[in-house]
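User: Please take a close look at the second largest pocket of this model. What lines it, and which parts of the chain do the lining residues come from?

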Amino acid sequence: MAPNSSTDTIRAEPPKGQLYPVKWYRSTYYNMTVLGLCNLAAPGIWTAINSLGAGGSQSPELVNAANALTFGLMVISCYFSGVVVHYIGIKGTLIIGTVGYAPYAAGLYANNRFGNQWLVLVGAALCGLSAGLFWMAEAAIAIAYPEPWNRGKALGYWLTYRLFGSIIGGAINLGLNANADTAGKVSYTVFIVFIAIQAAGPFVALFLNKPSAVQRTDGKKVALSILENPWGEVKATSKAFLKPKFLLIVLWIGQAVFSEAVYFTYLSLWFSVRSRALGSFLGSVVAVIVGNLLGYWLDRTKVSLRFRTRATFAAIAICQGAWWLWVTVLTTRFRIERPIHDWSSPGFGAAFGVYIFLTVGFQVNYLFLYFIITNLAENESEVIRYAALLRGTESAWQAISYGLTSLVVFAEAGAIYMNFALWAVSILPAWLVLKHFGSDEVPVETETGIRDEKTVESLQEA
């Protein structure tokens, strides 16, 4: 196993006198803001819709089946995203990636108001074909654009926008359904707002700087391009996937993202409409706070990379185990009692609290996965490939989870049991990779801030 391949997180921020002046509209935080707004408009609103529980519908089966289709197609579009970057660049790929989200929301609107089902599936398919490109592009940009000492904070800042979608959606839905203390579907008016925001996504993406135009305060250039011919790029991506250091974290990726369908379905089954809206709002607020705190912690360069990695991994693994045990006990009882929890009903706190914790767990897992990928990539091309593989693997796991939760037995309890088991079996393989992070903290960087493993090895031999 190779040692960690990024010393970006090792080098402390240079003295202010050594920082290069940058124009605000070329800076990394300007670009992370644009990227964040794209995230808000596209997957952020997608998350807002689903955080209402089953896409805001009364029954989760159709929406979960549609989401399984979306993520299944995203596996394919993620895999071939490097080819798209080869032809139109990373910015063009991001723009195209935002296009398919509005049809998804439109399909749910038609189903909510008119009972139409086929448009839900068409919208889900269009979303899947474009979203895989978006996921890869945004991940690569988020990793490669920021300065090394800002990367954790920048990732937390960017992912905050994704949760703003749920905060906005929850606030709107809470205002419209504050008196809905029973089970049911949300107001269709909510979807009109969501469609408008998602339709703005491609126009927001136009404001992103191309990599060559970005100005970093360390003076280094950003290079995010694929020079391989398309077939060569497909082979390079396949080769990266088969490396042990990636294969060993596949289960850890799974336990992290499988949970989204699980806790969204949990919310839709066991809570009133207004409680679902409250969950969407409050869960996202707490996740924003915790996610940004984690970003600052991961950027604490005075603490060794080895300790940061191990402490974060241990904290996430222990907390996830506790939360899955908690929700397993609850849902086993709920299958017998068949409750609908409203914030005025007894037992609401225990049932609702675990949803908040699972939402927070998803956010911190998400951020930590980017930290892992940053430390796996050895050059700028691998940033794109590993970003595509991360998002493709996420999509595959989420296709499975949404597919399974479209079945009643899995929606009510089976998927929770599976996620608990997946957490347990993922810890050891992930540890075999993460234990090497920081084992050799030689501060050697390429122009983009991604560590060049060959250069490190030559210095060690010398």
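Analyst: In this predicted model, the second largest pocket holds about 180 Å³ of space. Three elements give two or more residues each to its lining: α13 (273–298), α14 (305–337) and α15 (348–376). The lining is made up of Val290, Leu294, Trp297, Ala311, Thr312, Ala315, Ile316, Cys319, Trp323, Val360 and Val364. Of the three helices, α14 supplies the largest share, with six residues. By class, the lining of this pocket has 10 nonpolar residues, one polar residue and no charged ones. Thr312 is in the list of lining residues, and Thr belongs to the polar class.

The enclosed spaces can be set beside this pocket. The model has five cavities of 30 Å³ or more. The largest cavity has a volume of about 60 Å³. Its lining consists of 12 residues, and those nearest the centre of the cavity are Thr47, Ser166, Tyr263, Phe264 and Thr359. At least two lining residues of the largest cavity come from each of α1 (28–51), α6 (151–176), α12 (259–270), α13 and α15. The helices α13 and α15 therefore appear in both accounts: each gives two or more residues to the pocket lining, and each supplies at least two to the lining of the largest cavity. The classes in the cavity lining are five nonpolar, six polar and one charged, whereas the pocket lining is 10 nonpolar and one polar, with no charged residue.

Technical notes: Residues numbered from 1 in each chain as written. Predicted model: local features only at pLDDT ≥ 70, side-chain atom pairs only at ≥ 80, totals over all residues. Heavy atoms only, no water. 1 Å grid on protein atoms, 1.4 Å probe; cavity = no way out; pocket = protein on both sides within 12 Å on 5 of 7 lines; lining within 4 Å. Points joined across faces, edges and corners; volume = space filled by probe spheres on them. Helix = DSSP H or I, 4+ residues; strand = E, 2+ residues; numbered from the N terminus.
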